[in-house]
Amino acid sequence: MNAEVLRNEFPMLVAGDKEAKPLAFLDSTATTQKPASVIDAMDDFYREHYSSVKRGVYRLSARTTEAFEKTRKDVAKFINAKSEDEIVFTRGTTESINLVAWSYGRKFFEAGDEILISGLEHHANIVSWQLVAEMKGAKIKVIPVRDDGDLDLSKLPELLTPRTKMVAVAHVSNSVGTVNPIAEIIATTRKLAPQAKVLIDAAQSSSHIKIDVQKLDCDFLAFSGHKMYGPTGIGVLYGEYDVLDSMPPWHGGGEMIKNVTFEKTTYADVPARFEAGTPAIAEVIGLGKAIEWLNNVGLDNIRKHEEQITQYALKQLAEIPQVKVLGNPKERGALISITLDGIAVGDAAMILDEENVAVRSGHHCAQPVMDRFGVDATLRLSFGVYTLERDIDRFVAGIKRVVRLFA
Ligand code: PMP
């Protein structure tokens, strides 16, 4: 894999490279740039093939339905689901988690039940559970985080109880960068709390690390199209078929029914049961292209490249005494969070922006992580398939300027 060559497939980055101060885009954890093939597929759909899905006998609509359903098959294959019926299209990771909370949780959680999450979660994997826990009288428990940013799994035996109904954990933390040992967490859950279901938040791993849901043995997997080189507004919920089939609908509307009368409505089989209304058709087609693109590049190649870039960045940052890296996890995803001695990270991000270096400063929708490490905010640099050493060099030069300005 040649990242320099691949970068030419991203119109935003090609344009960015031509600016007086070239764009160093280091915010791929928030969202990735899009390759031309994804943009073109959506453009082509709107210009040449546009129609709704499932609703027409006319050929145009039949072809659109076929393209739409092909993506469902491609997603199933991408994560090695047993069947495309286990793939529900949502608006993103947030909606996927909310779907499980409001459908599975509303039916199966009872007062006194426990939902186990980790101390490294994004707000999407905290608040969604809090809302349903409050309604049902269930309790949230948290796997603690060690100083190095790894989860303290020695606490699992006491945290997993006969009342645990759901274990919901991120594959990769979006704030520290920790790659959580989800296979181990799932195996321990199966042993100590076999009644519990497991949801993996794969928002930060789906375009970085190969996932096999059958091998992993999770019940649910949630991820977002826009973080894997695809469009916004489309996400995926994988659910093991029997688990999905046990769940009631959560949104009512068209396409999720078998038969409607004013007295009684019967619901469609999964996954249609969870897809009320006209779906994000162009976005599904774009997601299909993104998966094709990812398959062509190869997730293993991407992971290798991003590991090199991450190590390169860590080495450069270690040479700046004012920089503190948040955590030192055993395995790190494609991101690094830092703080700067005596300098507000928001100020640093503004100065970096003057250099056309795009990074995120803030709590990254992970306030409990900030609390755990005793900081208000961090500066986060994050990488994708197109990130080059020269982007890191620009960031490091920018940070050195920040340090000089504030010294
Ligand atoms: N979980 C994690 C770990 C994330 O990083 C994000 C996005 N920052 C989400 C959930 C939410 O994803 P989305 O906003 O695409 O729904």
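The domain assignment divides the protein chain of this predicted model into domain 1, covering 3-30 + 298-406, and domain 2, covering 40-295. This report describes a sheet of seven strands, a sheet of four strands, one helix, and the contact between the domains.

**The seven-stranded sheet**

Strands of a sheet pair through backbone hydrogen bonds, either parallel or antiparallel. Here 7 strands form an open sheet in the order 2-8-7-6-5-3-4, and the pairing is mixed. Strand 2 (87-90) and strand 4 (139-143) stand at the edges with a single partner strand each, so one side of each has no neighbour in the sheet. On average, neighbouring strands of this sheet are turned by 20° against each other, direction ignored. Strand 2 pairs with strand 8 (residues 235-239) in the antiparallel sense over 4 bridges, and Val88 stands opposite Leu237 in strand 8. Helix 4 (residues 59-78) packs on the sheet, where it touches strand 2, strand 7 (220-224) and strand 8. The direction of helix 4 makes about 120° with that of strand 2.

**The four-stranded sheet**

A further 4 strands form an open sheet in the order 11-12-15-14, with antiparallel pairing. Its edge strands, strand 11 (323-325) and strand 14 (360-362), each pair on one side only. Neighbouring strands of this sheet are turned by 35° against each other on average, direction ignored. Strand 12 (residues 335-340) and strand 15 (residues 378-382) pair over 4 bridges in the antiparallel sense; the bridge partner of Ile336 in strand 15 is Leu381. Two helices lie across strands of this sheet, as the table shows.

| Helix | Strands it lies across | Angle |
|---|---|---|
| Helix 13 (residues 345-354) | strand 12, strand 14 and strand 15 | about 40° to strand 15 |
| Helix 15 (residues 389-406) | strand 11, strand 12 and strand 15 | about 10° to strand 12 |

**Helix 11**

Helix 11 (residues 281-297) reaches 25 Å from its first C-alpha to its last, close to the 24 Å expected for its 17 residues at 1.5 Å a residue. This helix is mostly covered, as 13 of its 17 residues are buried. Just after helix 11, Gly298 takes a positive phi of about 95°.

**Contact between the domains**

The C-alpha centres of domain 1 and domain 2 lie 28 Å apart. In all, 37 residues of domain 1 are in contact with 33 residues of domain 2. The size of an interface is often given as the accessible area lost when the parts come together. Between domain 1 and domain 2 the buried area is about 2,700 Å², and carbon and sulfur atoms give 54% of it. In domain 1, Leu299, Cys365 and Arg372 lose the most area to domain 2, together 22% of what that side buries.

Conventions
Residues are numbered from 1 along each chain as its sequence is written. This is a predicted model: local features need pLDDT of at least 70, side-chain atom pairs count only at pLDDT 80 or more; totals for chains, interfaces and linings use all residues. Side-chain values use heavy atoms; hydrogens and water are left out. Two strands pair if DSSP finds at least two bridges between them. Axes are lines fitted to C-alpha atoms, for helices over the stretch in contact, and angles run from 0 to 180 degrees between N-to-C directions. Contact means heavy atoms within 4.5 Å. The expected span of a helix is 1.5 Å times one less than its number of residues. Buried means under 20% relative accessible area, exposed over 50%, partly exposed in between (1.4 Å probe, protein chains only). Domain bounds come from an automatic or database domain assignment. Buried area is the accessible area (1.4 Å probe) that two parts lose on being put together, summed over both.
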